[in-house]
Amino acid sequence: MACITPLAKPRAAPSCCKTTAITAWGLIKRSSVAQWIWNAINIYTYHRDSQMRLDFYIYLVVAIAYIAYDHIKDLPFNYITQTNYAVCEKMNNTFCIRISYFVMAILLYLTTIRFINAVLPPHVPKIANTITQDAPSHLGAGSLIGGALPVISYASNVLLGFSAFNGFKPDDALIKNIAVIFTGMSMTSFTEELIYRGLLIGITKSFLNANVCVFLSALIFGYVHVKSSFKYGMAAFVFGIILGIGYLHYGLYWCVGFHALFNFVETSLYTLIRPKIANKTMVGERKTPDDDGMMTPLVEIIALGGLYYFNYFNRV
């Protein structure tokens, strides 16, 4: 009897949908459009990672420069004290220190931007030198606003009963050395603005959100001054916010004028017209002109709101 081999069970035909999907996927893999998209994703990822590395590099260099400044700012002063300190005593005890900080701040700033610009990729815009690029014409406007704030703060304390006018008490040393003291305060203002605004904002604003740069700069500025008192640190923080915003709109010299006249007028007021203090929280101890109370940051906040209300920062 012949052996009969059973017929093999036929395979089921692939479904129409499955066949279409396989065919479409094959076409996509071979498609130049898909390849372009894939290349674009790779390029975007590469550039994103490269930008993140560049941003981190800039932040690191600026942080190192800021820390380095704290260690090198006294070097010229130390040299002077080893040679002829009598020169400094004739001018003012703090004048040579201010010169030292002033010189080292400029050297460090110029070295930092030169170093960063030397290693930036060709497609990245170079960092502008805020000392030479910003307009000195804004110095006057900054001076007027900065000089007005301590007057408003002083008057507010008197009008609200937190302090009382206690007569004029001329300080012979202040009057005799007023030109030297004003010059020293101006150098200190330039120094701090170059470091806290020029370095911490001017360099990093191209690689980080500008508002974040302003906040971080003000936070560091406040932290440095909080060593004197918490109220002084608060005043310095708000002060730093105003100066940071002013720097973004009007540049370095607006900030220098604002800072210098604020310091000079406040020092003159509380040295020549020493008030009788009734509320130390609002006025401060005022054993030194820098011993601020809470009225100072309050006036600064109101002033900042007023500048925004009158669109002062939108005129540029």
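Here are some worked exercises on a predicted model.

**Exercise 1. Helix 9 against helix 12**

Work out which class the packing of helix 9 and helix 12 falls into, and which hand the crossing has.

*Solution.*
- Start with the pieces: helix 9 covers residues 178–203 and helix 12 covers residues 252–272.
- Their axes sit 8 Å apart, and the packing angle is about 135°.
- Now for the class. Roughly antiparallel needs an angle over 145 degrees, and roughly perpendicular runs from 65 to 115. The angle of about 135° fits neither class, so helix 9 is oblique to helix 12.
- As for the hand, helix 9 and helix 12 cross in a right-handed way.
- You can also find a residue pair for these helices. Met-185 is part of helix 9, and its C-alpha is separated by 7.1 Å from that of Asn-263. Along the chain, Met-185 and Asn-263 are 78 residues apart.
- Is Met-185 buried or exposed? Its relative accessible area is 10%, and the buried class takes anything under 20%, so Met-185 is buried.

**Exercise 2. Helix 11 against helix 14**

Do the same for helix 11 and helix 14: find the class and the hand.

*Solution.*
- Helix 11 spans residues 230–250, while helix 14 spans residues 295–309.
- The two axes come within 8 Å of each other, crossing at roughly 20°.
- Angles under 35 degrees count as roughly parallel, so helix 11 is roughly parallel to helix 14.
- The hand here is left-handed.

**Exercise 3. Going through the salt bridges**

Say how many salt bridges the model has, then look at the burial of the partners in some of them.

*Solution.*
- The cut-off is a Lys or Arg side-chain nitrogen within 4 Å of an Asp or Glu carboxyl oxygen. With that rule, you get five salt bridges.
- Take Asp-70 and Lys-73, whose side chains make a salt bridge at 3.2 Å, N to O. Asp-70 has a relative accessible area of 46%, so it is partly exposed. Lys-73 comes in at 18%, so it counts as buried.
- Next up are Arg-197 and Glu-193, with their closest N and O atoms 2.8 Å apart. Both residues belong to helix 9, four residues apart, or about one turn of the helix. Arg-197 and Glu-193 are both buried.
- Then there's Arg-286 with Asp-292, a salt bridge at 3.0 Å, N to O. Arg-286 has 10% relative accessibility and so counts as buried. Asp-292 has 2%, so it is buried as well.
- Which residues make up the network around Arg-286 and Asp-292? Glu-266, Arg-286 and Asp-292 are linked by salt bridges.

**Exercise 4. Contacts between distant parts of the chain**

Place Ile-273 and Met-282 in the fold, then find a residue whose C-alpha is listed with each despite the sequence gap.

*Solution.*
- Ile-273 belongs to the loop that joins helix 12 to strand 2 (276–277). With 14% relative accessible area, Ile-273 is buried.
- Its partner is Gly-167: 106 residues apart along the chain, with C-alpha atoms separated by 6.1 Å.
- Met-282 sits in helix 13, residues 280–283. At 17% relative accessibility, Met-282 is buried too.
- Met-282 pairs with Phe-162, 6.7 Å away C-alpha to C-alpha and 120 residues apart in sequence.

**Exercise 5. A surface patch and an unusual phi**

Find the nonpolar surface patch, and then explain what stands out about the backbone of Asn-311.

*Solution.*
- Which residues form the patch? They are Val-212, Phe-215, Leu-216 and Leu-219, sharing about 320 Å² of accessible area.
- Val-212 is in helix 10, which covers residues 210–225. Its relative accessibility of 36% makes it partly exposed.
- On to Asn-311, found in the segment after helix 14. Its phi is positive, about 55°, and it isn't a glycine.
- The background is simple: most residues other than glycine have a negative phi.
- Is Asn-311 buried or partly exposed? At 43% relative accessibility, Asn-311 counts as partly exposed.

Conventions. Residues are numbered from 1 along each chain as its sequence is written. This is a predicted model: local features need pLDDT of at least 70, side-chain atom pairs count only at pLDDT 80 or more; totals for chains, interfaces and linings use all residues. Side-chain values use heavy atoms; hydrogens and water are left out. Patches are made of residues with over 30% relative accessible area and no salt bridge: like charges are joined within 9 Å, nonpolar side chains (Val, Leu, Ile, Met, Phe, Trp, Tyr) within 5 Å. Accessible areas come from the Shrake-Rupley method with a 1.4 Å probe; for residues, only the protein chains shown count as cover. Helices (H or I, at least four residues) and strands (E, at least two) are DSSP runs, numbered from the N terminus. Buried means under 20% relative accessible area, exposed over 50%, partly exposed in between (1.4 Å probe, protein chains only). Axes are lines fitted to C-alpha atoms, for helices over the stretch in contact, and angles run from 0 to 180 degrees between N-to-C directions. A crossing is left-handed if the near helix is turned anticlockwise from the far one by less than a right angle, and right-handed if clockwise.
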